[in-house]
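Subject: Handing over the structure

Dear colleague,

I am passing this structure on to you, and I would be glad if you could look through it with the notes below at hand. They take a few regions in turn, for a reader who has not met the structure before.

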Amino acid sequence: MPVTTRRQSRGFPQYRAYEESVREKNLKPEDGVSETAQVNDEDDAMDGSLAPDLSSSEEDEERGSLWDGPESDVSENGEEDMVSESDDDFEATPFMAKRRRLEKAAPSENASSSKPPSKTKRSGLSRRVQGRLQNMLSLPLDVLFMLFSELGPMDLLNLARTSKALRQVLMSRKSIWVWISSRRAAGATMVPDPPEDMSEPAWAQLLFGPAVCSLCSTKNIHRVDFALRRRLCISCKKKNLVFSIKFHYQCPDLRESVMDLLPYTKVGGWAHGHASHSRFYWKPDLYEIGKRLAELENDVEAGKPGAHERLKSFRAERILLVDSIIQSSSEFEKWAKAEAEAQTNNICERRNQRHEALKARIFAAGYEVADIDWVGMHRVPGSNIDKPLTDDAWRRIRVKVETKMSEAREARLLAVRRRREVEYKHKAEQCYSNLLRQVLPIQRLCLPALSQISELTCFRDLLNPDRDVQASEWENAADQLQQSLSDWMSKQRDQCISSLPSHAQGARVETMAIRLLSDPLIDSLRPEAMVGFEGPLDLATSVFREPKSGTILMGRDICHAWGVKGLRLEFSPRGAAAVHALLQVLQLDPASTTVSTLDQLDKYFTCASCPLDVVHNHRLCWRSCVLHFVDLSGTDHAFPQWQIVRPEDMASYPSGDERPGNGVCHPHIRIEKWLCNHCGDYLVPGREDLGSKTEIIDHLQAEHNIKDAVVDVDLFSYPLFGV
């Protein structure tokens, strides 16, 4: 026996009697429900005005505003902000429906088929939710309508689509007050009444329906074209809008008078949403009204009674309707813009309220305003939602928020530390540079470089980026800077003296005081500014070597090497032995002979340990002799042996070395320049006012009126190391 479906069974008299008994039982006449529910088709003036239904997921996703504007649930945090903000969790009733068992399928005739039976597809709703509102129509009418009045326009539309009984109740003209109440409470501003050609449900569908194209269901179509009564995407506009000027090309089978009977829009498919003075008509409406007009004209030609009056009335009604639509569409456009602005303002206000509530929670967790400003409030998880922040919502996002704020605090403190480090270093360098302009230039040979200011005791505590240094502390550091420089130079000198042999260290040397050019007694202090400061380091036998580059340093060059950061010096026994041998040849006392003494002697030597062909090809100053013996540490140079080149024999030797003062015989120095000891602008960071000895002498005569310049008093040599 064939199975009868539910749709087929509705035609049976028994089923119709059953439906009538259920309707009479649920909607009693004394409650007034029967007058509302049992409505004839003539009384259902709003029937047939519902748009095709969409799935709940599509509807939730595509429902939007009437105008292009910010989405209230869209955030920059991705899934962090897509957390359900529902505060009322679903509570299950104690009367749970029993789990239904799946009935086994009856054996079919094709039992031999090995294909297993397909599994029954369960509904998307949970069994706990199914059937919860099945007895809703048994409620009293006043309670039912009170519940309906609390719903929004789209909620009423979706509710009307659930069953025929609810559709009959909500689509009745007697229920229009529910739609009006819902519409007036729906918008941020007063929603205008529907036009004459639209019912309340159709108006609700147009204004508050899903933000999809009315023709192709393209998503994110928020703007409503009130003249055409549609939401249209750009693609559909380009395909279906007819430009009035091109009417004969796009609709060749229609008469131009058809356009007078239809409303038009001023926003074309290529206008990018901007209105113009042109007229665009909806092509399907043109053919539909053309078809209707052709039917009426055919009736007139056929001589049907009253056909002429019907045609004339049709034209007059359409013209009045078009005028009404065009006039009202501009008012609806203004309302839509105002509504979009009001919705945007409301969303911003709700977000601001949520931000304040979120800030209060963050502050309570121990974070500061600077932490929020560093990461930005819009980047905090859960901040871009326009819903109140409840305890349940905070409980769900708390871990993410605290993780974000913890990372922000660490990044902020690290950035503050780096900024302070740069700022403090710049202040210390600026303070030191200001003092360098006033220090006696020859004393700058022993001063530290800018990169070594962290070694000064007055700046050591101030360069700590983990503390907030006050302005008064910088002033105190500037006052103590001269003493700190003296202590630093004495420390560097004592370290070098301690590396000398014990018999060469001598007595303790006093600290050198910093002399300023602004001192009134500077002219009398200038000749003695460097006297006695070097101590045993000024002796010719104090030879040091930089092991990495092999640079040989002697005398005042040792003090100048302190300003080269990372330069490590060590005493050179071979260099000291070479000097001792030279002093023995010159019959000078090693305990009192200084570097400047040997430079002033201007003597040249040859190495007795080298072959004759090499000896006759080289003449060496005393500095070159030291470097020669240090570099050649083989068996043929086990100990130094020097011979003085007599003045009468100078012509027989090639001029390999020049006078010591010109620096060619300083092989450990890349280049040597001379400076004026009267000008404070020399050796200032960023300047390269260095010249030859002749240039500085000319400078002293022209600028300072000094004709007989004295070395180490009026000018001095400034070596530049190539290490």
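A good place to begin is Ser542, whose side chain reaches the backbone oxygen of Pro536 at 2.6 Å. Please keep in mind throughout that this is a predicted model. Ser542 sits in the loop that runs between helix 20 (522-525) and strand 3 (543-546), and because its relative accessible area is 3%, under the 20% limit, it counts as buried. Leaving aside residues up to four places away in sequence, Ser542 touches Leu500, Pro536, Leu537, Leu553, Met554, Gly555 and Ile558, so that Pro536 appears both among these neighbours and as the partner of the side-chain contact.

From there it is natural to move on to the sheet that contains strand 3. Three strands make up this open sheet, in the order 4-3-5, and their pairing is antiparallel. Strand 4 (551-554) and strand 5 (570-571) stand at the edges, and since each has a single partner strand, one side of each is left without a neighbour in the sheet. Strand 3 and strand 5 are joined by 2 bridges, and Arg545 stands opposite Glu570 in strand 5. Lying across strand 3 and strand 4 is helix 25 (residues 622-631), which runs at about 135° to strand 4.

There is also an open sheet of 3 strands in the order 7-6-8, with antiparallel pairing. Here strand 7 (620-621) and strand 8 (642-644) are the edge strands, each with a single partner strand, so one side of each has no neighbour in the sheet. Strand 6 (residues 604-607) is joined to strand 8 by 3 bridges, and Thr606 stands opposite Gln643 in strand 8. Helix 22 (residues 573-586) packs on the sheet, where it touches strand 6 and strand 8, and its direction makes about 35° with that of strand 8.

Two aspartates in loops may also be worth your time. Asp386 lies in the loop between helix 14 (369-375) and helix 15 (391-436); it is buried, with a relative accessible area of 8%, and its side chain is joined to that of Arg350 by a polar contact of 2.9 Å. Asp712, for its part, is found in the loop between helix 26 (693-703) and strand 10 (715-720), and because its relative accessible area of 27% falls between the limits of 20% and 50%, it counts as partly exposed. The side chains of Asp712 and Arg556 are joined by a polar contact of 2.9 Å, and Arg556 is also one of the residues that Asp712 touches, together with Ile442, Arg526 and Asn677, when residues up to four places away in sequence are not counted. The C-alpha atoms of Asp712 and Glu528 are separated by 9.4 Å, although these residues are 184 residues apart along the chain.

Helix 13 (residues 307-364) offers a simple check on its own geometry: at 1.5 Å a residue, its 58 residues should span 86 Å, and the end C-alpha atoms are 81 Å apart, which agrees. Just after helix 13, Gly366 takes a positive phi of about 105°.

Finally, which aromatic rings pair with one another? A search of the whole structure finds 11 aromatic pairs. In one of them, the rings of Trp203 and Phe226 have their centres 6.1 Å apart and their planes at 50°, so the pair is tilted. This pair links distant parts of the chain, with Trp203 in helix 9 (residues 200-208) and Phe226 in the loop between helix 9 and helix 10 (234-240), 23 residues apart. Both are buried, Trp203 with a relative accessible area of 0% and Phe226 with one of 1%. Phe226 also forms a tilted aromatic pair with Phe332, at 5.5 Å centre to centre and with 50° between the planes; Phe332 belongs to helix 13 and is 106 residues from Phe226, so this pair too links distant parts of the chain. At 6% relative accessibility, Phe332 likewise counts as buried. Elsewhere, ring pairs link Phe145, Phe148 and Trp177 into a cluster.

With kind regards

How values were computed: Residues are numbered from 1 along each chain as its sequence is written. This is a predicted model: local features need pLDDT of at least 70, side-chain atom pairs count only at pLDDT 80 or more; totals for chains, interfaces and linings use all residues. Side-chain values use heavy atoms; hydrogens and water are left out. Helices (H or I, at least four residues) and strands (E, at least two) are DSSP runs, numbered from the N terminus. Buried means under 20% relative accessible area, exposed over 50%, partly exposed in between (1.4 Å probe, protein chains only). A polar contact is a pair of N or O atoms within 3.5 Å; within protein, one must be able to donate a hydrogen and the other to accept it, and residues adjacent in sequence count only if both atoms are side-chain atoms. Contact means heavy atoms within 4.5 Å. The expected span of a helix is 1.5 Å times one less than its number of residues. Two strands pair if DSSP finds at least two bridges between them. Axes are lines fitted to C-alpha atoms, for helices over the stretch in contact, and angles run from 0 to 180 degrees between N-to-C directions. Rings of Phe, Tyr and Trp (its six-membered ring) pair if their centres lie within 6.5 Å; planes under 30 degrees apart count as stacked, over 60 as edge-to-face and the rest as tilted.
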